[in-house]
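Have the sequence and the 3D view ready. We will walk through a few features, one at a time.

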Amino acid sequence: MFESGEDCGEGFAGTYVLGALEPDERAAADVHLLVCPSCRSRVRDLEIVPRALADLPLEEFLTDFSVTPDRIEGIARRAVERAANDGGRAGGA
């Protein structure tokens, strides 16, 4: 299912981190991650995404129509920074 190489994780790393792989795909990805440092690195880089998304005030975006693109960018940047600082406390692959 997986071939090792520079971009081998490109097709699954995002769905892996978001927990969106089917169980058999997840099992194959777990095996692949044991032997592929490139994919382990890609997954580690993407692990910040779910933490940052969880920290976004989505209700505010949906109800406050005065939220400007600049404000959204600032809120998103702070969410990413908080997720990055929290990186060691959340589980990892």
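What follows looks at a helix, a surface patch and a salt bridge.

This is a predicted model, in which local features need pLDDT of at least 70, side-chain atom pairs count only at pLDDT 80 or more, and totals for chains, interfaces and linings use all residues. Residues are numbered from 1 along each chain as its sequence is written, and side-chain values use heavy atoms, with hydrogens and water left out.

Start with helix 4, residues 48-55. Helices are DSSP runs of H or I with at least four residues, numbered from the N terminus. Which residues of helix 4 are buried? They are Ile48, Arg51 and Ala52. Buried means under 20% relative accessible area, exposed means over 50%, and partly exposed lies in between (1.4 Å probe, protein chains only). These buried residues cover an arc of only 95° around the axis, so they sit on the same side of helix 4. The arc is taken from the directions from the helix axis to the C-beta atoms. Their cover includes helix 3 (37-46) and helix 6 (69-85).

Leu53 also belongs to helix 4. Leu53 is partly exposed, at 47% relative accessible area.

Now find the salt bridge. The structure holds one. A salt bridge is a side-chain nitrogen of Lys or Arg within 4 Å of a carboxyl oxygen of Asp or Glu. Here Asp30 pairs with Arg26, and the closest N and O atoms are 3.5 Å apart. Asp30 and Arg26 are four residues apart in helix 2 (residues 23-35), so about one helical turn separates them. An α-helix has 3.6 residues a turn, so residues three or four places apart point the same way. Asp30 is partly exposed, at 32% relative accessible area.

Definitions and conventions. Helix = DSSP H or I, 4+ residues; strand = E, 2+ residues; numbered from the N terminus. Contact = heavy atoms within 4.5 Å.
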